[in-house]
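How do the parts of this protein meet, within a chain and between chains? The report below takes up these two kinds of contact in turn.

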Protein chains: 2
Amino acid sequence: MNDKHTYCVIMAGGIGSRFWPMSRTAYPKQFLDFLGLGRTLIQQTFDRFLPLCPPENILVVTNAQYAPIVKQQLPQLRDDQVLTEPSRRNTAPCVAYANHVLLKRDPKARIVVAPSDHLVMKEQEFQDTIRLALKQAESSDCLVTLGIKPSRPDTGYGYIQFTDGTGTVDPRVKQVASFREKPDHATAVQFIESGDFLWNSGIFIWTLASIRKAFERHLPAMEQQFAAGAPYYGTPQEAAFIADTYTRCESISIDYGVMEKASNVNVVPSDFGWSDLGTWGSLYTHVPKDAQGNAAIGQQVRFYDCADNMVHVQDDRLVVLQGLEDCIVVSTKDALLVCRKHDEQKIKQFVADAAAEWGEKYV
Amino acid sequence: MNDKHTYCVIMAGGIGSRFWPMSRTAYPKQFLDFLGLGRTLIQQTFDRFLPLCPPENILVVTNAQYAPIVKQQLPQLRDDQVLTEPSRRNTAPCVAYANHVLLKRDPKARIVVAPSDHLVMKEQEFQDTIRLALKQAESSDCLVTLGIKPSRPDTGYGYIQFTDGTGTVDPRVKQVASFREKPDHATAVQFIESGDFLWNSGIFIWTLASIRKAFERHLPAMEQQFAAGAPYYGTPQEAAFIADTYTRCESISIDYGVMEKASNVNVVPSDFGWSDLGTWGSLYTHVPKDAQGNAAIGQQVRFYDCADNMVHVQDDRLVVLQGLEDCIVVSTKDALLVCRKHDEQKIKQFVADAAAEWGEKYV
């Protein structure tokens with residue numbers, strides 16, 4: 001397979017508010033070195049795709065607000081590899097925008113769409129899985145998604161039900177039977193026990209032709225709105241056209257707008273040490289822990305009589321914790337959060353309250 | 001009573017390690033604005049004595065290391081009001097040094113000796129009590145100490161047993177029957193129930209004549225060592241003499257070396273909202289709390305599902321706490337401590353460990 005037609009579209013417009021106070025609206029989590037590895041999440045995502053396509057085939061779609069951060073963290077990107085969104089319209093417009101930019105550049109494009117803020121521990125498995133998915137995408141008019149083999153009845157993920165694929169390029173490629181919203185715990189347990197459910201990774205693989213056909217069928221208005229920009233993509237008028245189009249286009253996710261409606265969706269059951277890093281708890285499951293189950297990201301953290309804590313220290317301050325169990329402790333240069341792990345869904349409320357009382361700079 | 005013979009000796013050489021990380025060896029708690037009142041503890045102590053004597057009669061005895069901080073925080077002090085100790089020799093040498101400096105300045109001196117890092121909530125009661133004690137000290141050859149009426153069986157304080165004073169200037173002035181070391185809980189409970197025990201405040205009142213007589217009797221060697229400096233006090237040779245004397249003199253507390261051995265000790269049972277601020281827990285009992293018993297010193301602290309916590313934020317960071325009970329949370333620009341209140345005696349160990357691993361700068 002000739003990689004020169006392979007393109008990666010990295011979606012980097014999220015605000016990551018569940019990772020407050022580490023992740024800020026002005027500097028969200030995809031731009032942070034979350035695991036203290038020396039590379040930010042978006043840099044790791046970029047690195048992950050380098051073996052799959054030429055570097056100039058990697059596009060980043062982000063909010064205009066974050067474009068400078070993207071260019072600073074990925075200096076190898078040319079300006080025309082960074083697509084800026086004037087406002088937040090969820091993922092479908094983001095995909096449509098990238099589609100039409102690529103249509104002008106390479107009608108034969110094979111596209112991998114991926115979030116910028118996910119964690120992948122097994123790079124090789126990831127690349128093998130993507131190549132298999134690309135092979136499937138090439139073989140027929142289909143949309144391919146990656147479904148993560150679930151390790152626990154997590155209620156924080158959407159689920160994909162699959163059946164054995166008929167006429168797929170490889171028995172490892174399955175047919176999607178249905179997409180399911182985030183389930184309650186009992187339902188999640190059933191999903192896991194049934195053995196035919198996967199976590200929805202939000203990573204998609206398709207040819208430009210197939211995804212455009214799907215837009216024409218399921219989001220025809222949006223497809224036309226972005227198709228109308230053909231004269232402007234790659235020209236000085238592109239920004240003005242996109243600014244106008246984003247004020248008019250529907251705000252909808254690619255999952256809800258296209259994937260859940262399409263009948264030609266394949267899924268590759270995957271296991272490459274994935275986390276969407278959606279919550280501190282999900283990060284906790286992926287980082288090293290001491291014998292008492294304490295995870296610390298940060299150089300100078302000491303635990304006494306502590307168990308099962310997730311500690312993240314952004315600055316170089318010394319942190320001494322005693323008698324804490326099952327807590328999240330996050331220290332940044334201007335904020336400190338201590339919160340029970342099982343109450344972390346309340347963090348969004350904390351942020352809202354803090355903003356109301358002390359201003360947006362803390363959001 | 002003519003206040004011009006009244007002198008206050010503020011002892012400011014402590015290192016306050018139990019208040020780590022707020023209190024540092026390089027900048028101990030007497031130099032911090034512990035309650036966020038806009039004045040540090042030593043400044044508050046100085047202010048407290050201004051109604052009792054002329055400002056030039058207030059001496060501060062501190063370690064040479066802290067002299068610059070003292071002069072910065074109390075700029076109204078002349079150089080000869082700051083006595084610097086070359087090394088830590090506990091409180092008896094500190095008192096002896098001040099005695100002989102004052103002997104040269106005013107043999108009729110009446111002296112109040114007080115720590116620099118205590119909390120006094122009721123200033124007027126404090127001054128009335130000191131005046132009564134000074135009256136007693138003037139009236140006969142005696143040593144007067146202030147005993148705090150105990151509010152709880154605290155095991156963190158030494159206790160003073162008293163009997164009704166015979167021939168004291170006022171029935172409120174009692175006779176000391178015995179000094180008691182920090183008791184265990186059961187003993188402390190007995191003390192409280194008996195009704196004739198007080199907390200040892202470490203605040204002493206005496207005439208220069210009486211305290212020198214007590215030194216001659218109970219610490220004669222030390223008295224002679226400091227008496228030998230008569231030619232040097234107030235001269236450029238004072239520092240050299242003190243440096244030499246401190247290497248030779250005994251390291252012993254004024255309580256153990258003099259008060260506990262003396263038979264002519266009176267005590268004034270006192271109630272002026274006192275705390276020695278010996279521990280975070282003792283600070284907690286003296287600061288305002290919300291309905292859930294959370295005390296916060298710092299402007300931007302938010303509690304959710306929290307109870308009975310003592311929070312102290314030195315910098316202006318935002319602090320959000322959820323699900324914490326009975327904890328101490330201290331945030332400084334370079335350190336964070338979260339510790340169970342009832343385990344706070346372990347803090348000294350934390351500091352030692354931190355120093356061993358990351359260096360003295362954190363001590």
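What follows describes a predicted model, beginning with the domains of one chain and then turning to the contact between chains.

Chain A is divided into domain 1, residues 6–275, and domain 2, residues 287–362, and the C-alpha centres of these two domains of chain A lie 30 Å apart. On the side of domain 1 of chain A, Trp20(A), Met22(A) and Arg24(A) lose the most area to domain 2 of chain A, together giving 54% of what that side buries. Arg24(A) also forms a salt bridge with Asp334(A), with the closest N and O atoms 2.6 Å apart.

The table sets out the area buried at each interface.

| Interface | Buried area | Share on carbon and sulfur atoms |
|---|---|---|
| Domain 1 of chain A and domain 2 of chain A | about 1,200 Å² | 68% |
| Chain B and chain A | about 3,100 Å² | 54% |

Between the chains, 37 residues of chain B are in contact with 37 residues of chain A, and Leu318(B), Gln322(B) and Leu336(B) supply 23% of the area that chain B buries there, more than any other three residues. Six salt bridges are counted between chain B and chain A, and Arg302(A) forms a salt bridge with Glu357(B), in which the closest N and O atoms are 2.6 Å apart. By class, the side of chain B that touches chain A has 18 nonpolar, seven polar and 12 charged residues.

Strand pairing also links the chains: strand S17 of chain A, residues 335–340, is joined by four bridges to S15(B), and the two strands run parallel. Within this pairing, Leu337(A) stands opposite Val320(B) in S15(B).

Key
Residues are numbered from 1 along each chain as its sequence is written. Chains are lettered from A and ligands numbered from 1 in the order in which they are written. This is a predicted model: local features need pLDDT of at least 70, side-chain atom pairs count only at pLDDT 80 or more; totals for chains, interfaces and linings use all residues. Side-chain values use heavy atoms; hydrogens and water are left out. Domain bounds come from an automatic or database domain assignment. Buried area is the accessible area (1.4 Å probe) that two parts lose on being put together, summed over both. A salt bridge is a side-chain nitrogen of Lys or Arg within 4 Å of a carboxyl oxygen of Asp or Glu. Contact means heavy atoms within 4.5 Å. Ala, Val, Leu, Ile, Met, Phe, Trp, Tyr, Cys and Pro count as nonpolar, Asp, Glu, Lys and Arg as charged, and the others, Gly among them, as polar. Two strands pair if DSSP finds at least two bridges between them.
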